[in-house]
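Here is a short tour of a protein model, taken one region at a time. Keep the structure open beside you as you read.

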Amino acid sequence: MSDFIKTQNSFADGEVAPEFFARDNLNGLSKLENMDILSGGGLKRRDGLEIVTELNSAARIIPFSVSESENYILALTDGHLLIYNGATRVRDLIVPWEFDAIEKIQYAQRFGTMIFVHPDFQPYILEKSDGLFDLVPFEFSRNNSDMTTNIPFMKFEDTTDINITVSANSAGSNYATFTTNKSFWTQDNVGGQLMLINNQWLITEYISPTVVQAYTTGQYNVPDEPVSDWTEAAFSDRRGWPCSITFHQDRLVFGGSKSWPSGIWMSQVGRHKNFNVGTGLDDEAIFITLVSQQRQQICTLVSSDTLQILTNIGEWAIASKPLTPSNIDIKQHTSVGSITTRYLPPQKIEGATVFISATQKDIRELALDALGENYNARDLCTQAKHLMQNPVDISYNDERRQLFVVMENGDMAVLNQNSALGISGWAQYKTQGKFKSVATINGTTFVVVERGDDFYIEKFSGNASEDADEYEFSFSAAAIPIRASGHNANMLRIRKISVRVLDTKTLFINGERASLPNDIYAQDSPGFSGDVFINQLGCQRNCINAPWVISSDEQLPATILSVGMYGYYIV
């Protein structure tokens with residue numbers, strides 16, 4: 001039998017999985033629910049939620065900041081893009097995306113415009129003009145001299161054995177009939193473009209699997225032989241559209257498509273609708289393909305110090321500065337892989353890129369090594385895998401240093417991260433309903449919450465003691481099973497638990513209410529600061545359970561700085 005005094009004055013590791021309970025060097029907890037980890041290592045009851053507006057259906061929300069004083073929340077629903085400035089709906093735009101397609105939409109913002117991409121839809125641009133928002137299709141620029149389109153052209157694998165016989169067409173001198181040597185054309189070719197006999201052609205009519213009609217802005221001579229040397233526009237209804245997007249070094253960058261999943265297309269510098277590679281001058285467009293022994297599907301692109309390319313099986317980077325057609329330094333750094341079934345936007349945290357892995361069990365931090373030459377992909381949730389339950393959305397609040405990850409089951413995992421102070425711990429957020437989406441703008445984190453049959457945009461607020469003015473929530477923090485002097489206790493007798501609190505008005509220790517001064521419940525009182533305790537808690541023979549649990553279901557503030565235990569144990 002040995003006496004012990006054990007004080008935990010840091011909870012920096014947050015909630016950890018049971019397989020780590022035998023470690024001596026943890027500043028963690030077996031449970032941390034609806035509490036935040038403070039910069040000093042303490043714990044605080046999370047902020048409540050305020051209703052911003054009610055929605056007609058489920059939605060995915062996206063932040064859109066035009067200026068420091070002009071910030072919007074975009075809500076993507078089934079066929080609609082709703083634009084909110086606070087609780088005010090500024091615009092309701094019709095969009096081509098059904099709700100099932102929304103999870104794959106990616107976006108990139110530059111100044112007051114945002115471009116959306118989806119592998120099955122032509123890109124769209126959200127722009128603000130004369131005080132009004134509008135959504136218009138993204139159109140590649142045209143050359144004034146001959147009206148050709150500055151779209152990239154490719155030689156797709158399934159066209160290798162396709163020869164096209166060109167014949168004149170009675171529709172006019174700019175029209176022709178294209179006949180292939182085997183079935184090739186589909187209805188989806190209509191509206192697509194080809195490069196053939198030094199002309200750009202627009203497919204205007206589908207006639208049969210071997211015959212289409214095409215139009216060109218220039219003049220042409222009918223070739224004597226079938227043409228085998230021809231290319232097709234990289235993007236079309238048949239070939240698919242860009243899967244991912246970013247801006248990098250003043251180039252618009254598209255990554256991957258259904259028909260060319262490992263392709264990267266970069267616009268000309270400063271001319272973001274011009275993808276003409278020209279003669280390879282420094283400011284002209286660039287096209288590259290990731291080459292490896294495995295099939296690479298580009299999942300997303302991130303513009304950082306380098307152009308980061310996250311694929312289904314690894315993480316690549318282009319480090320060239322400046323990036324030109326003749327100067328492309330590209331290599332694969334790590335082999336983690338990203339999720340392909342939905343878009344979970346990577347977040348910038350303390351100079352690193354944080355992304356969700358293909359397994360959906362890892363939150364990885366892509367950061368350069370000490371020499372600044374190679375990227376590593378450290379796992380941020382090594383000790384809390386049990387909290388990763390099929391992530392569906394992610395957002396980082398840099399003012400609060402919190403990463404919010406919405407799970408498919410409606411809970412939310414929250415990482416409190418401050419590397420300078422040694423804080424890197426996870427907690428769970430729960431509410432009476434289900435979290436569906438999350439976005440952060442200007443230091444405020446917004447969520448879409450399903451409550452019963454209703455959906456709301458809500459925001460975390462220090463002025464809210466409960467959720468949505470009516471839904472109460474409880475908090476709890478439970479200790480890791482005790483280890484004293486390097487031993488696992490077999491029997492434990494706790495004589496006293498002491499909790500040091502700050503500005504606290506409610507506290508239960510192992511289910512017993514802690515006694516607090518009556519005057520702290522006055523409305524203008526910040527709460528009690530000091531030590532509270534309970535005595536004679538009895539014996540605990542199942543020492544795999546938490547020796548103490550701090551909790552409350554009262555809608556009052558609570559901040560925990562440290563917890564001390566006094567008693568004896570038997571090994």
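## A cavity inside

The largest cavity has a volume of about 30 Å³. Its lining is made up of Asn-189, Gly-192, Gln-193, Leu-194, Ile-203, Glu-232 and Ser-236. The count of cavities of 30 Å³ or more comes to 1. Please bear in mind that you are looking at a predicted model.

## The protein as a whole

Let us step back for a moment. The protein has 571 residues, and 54% of them count as buried. Its secondary structure comes to 1 helix and 50 strands, and along its principal axes the C-alpha trace spans about 100 × 50 × 40 Å.

Contacts along the chain are also worth a look. Taking contacts between residues at least 6 apart in sequence, 58% join residues at least 24 apart.

## The largest pocket

Now to the open spaces. The largest pocket holds about 960 Å³ of space. It is lined by 34 residues, of which Pro-63, Tyr-107, Pro-346, Gln-347 and Lys-348 are the closest to its centre.

Which elements give two or more residues to this lining? They are strand S8 (60-67), S12, strand S23 (244-248), strand S27 (298-303), S31, strand S35 (391-397) and strand S39 (434-441). The largest share, 6 residues, comes from S8. Two of the other contributors, S12 and S31, come up again below.

## A sheet of four strands

S12 belongs to an open sheet of 4 strands, ordered S12-S13-S14-S15 and paired in the antiparallel sense. At the edges stand strand S12 (106-110) and strand S15 (132-137); each has a single partner strand, so one side of each is left without a neighbour in the sheet. On average, and with direction ignored, neighbouring strands of this sheet are turned by 20 degrees against each other.

In the middle of that order, strand S13 (residues 113-118) and strand S14 (residues 121-129) run antiparallel and are joined by 5 bridges. If you would like a pair to find on screen, look for Phe-116, whose bridge partner in S14 is Tyr-124.

## Strand S32 and its two partners

Is strand S32 (residues 352-356) largely enclosed or open? All 5 of its 5 residues are buried, so the strand is largely enclosed by the rest of the structure. Ala-352, Val-354 and Ile-356 point one way from S32, while Thr-353 and Phe-355 point the other way, and all are buried. This fits a general pattern: in a regular strand the side chains alternate between the two faces of the sheet.

S32 pairs with strand S31 (residues 347-349) in the antiparallel sense over 3 bridges. Gln-347, one of the residues closest to the centre of the largest pocket, has Val-354 of S32 as its bridge partner. The hairpin of S31 and S32 has 2 residues between the strands, and in it Glu-350 takes a positive phi near 50 degrees. S32 is also joined to strand S33 (residues 363-368) by 4 bridges, again running antiparallel, with Thr-353 opposite Leu-366 in S33. The hairpin of S32 and S33 has 6 residues between the strands, and there Gln-360 takes a positive phi near 65 degrees.

## Two buried residues

Thr-445 lies in strand S40 (residues 444-451). Its relative accessible area is 3%, and the cut-off for buried is under 20%, so Thr-445 counts as buried. The Thr-445 side chain makes polar contacts with two other side chains: that of Asn-397 at 3.0 Å and that of Thr-440 at 3.1 Å. Leaving aside residues up to four places away in sequence, Thr-445 touches Asn-397, Phe-404, Val-438, Ala-439, Thr-440, Glu-458, Lys-459 and Phe-460.

Ile-286 sits in strand S26 (residues 286-289) and is buried too, with a relative accessible area of 4%. With residues up to four places away in sequence again set aside, Ile-286 touches Arg-251, Ile-264, Trp-265, Met-266, Val-277, Leu-323, Thr-324, Pro-325 and Ile-328. Where does His-272 lie relative to Ile-286? The two are 14 residues apart along the chain, and their C-alpha atoms are separated by 12 Å.

Note on methods. Residues are numbered from 1 along each chain as its sequence is written. This is a predicted model: local features need pLDDT of at least 70, side-chain atom pairs count only at pLDDT 80 or more; totals for chains, interfaces and linings use all residues. Side-chain values use heavy atoms; hydrogens and water are left out. Buried means under 20% relative accessible area, exposed over 50%, partly exposed in between (1.4 Å probe, protein chains only). A polar contact is a pair of N or O atoms within 3.5 Å; within protein, one must be able to donate a hydrogen and the other to accept it, and residues adjacent in sequence count only if both atoms are side-chain atoms. Contact means heavy atoms within 4.5 Å. Two strands pair if DSSP finds at least two bridges between them. Axes are lines fitted to C-alpha atoms, for helices over the stretch in contact, and angles run from 0 to 180 degrees between N-to-C directions. On a 1 Å grid over the protein atoms alone, a cavity is a set of points where a 1.4 Å probe fits but cannot get out, and a pocket is an open set with protein on both sides within 12 Å along at least five of seven lines; lining residues have an atom within 4 Å of a point. Grid points are joined across faces, edges and corners, and a volume is the space filled by probe spheres set on the points.
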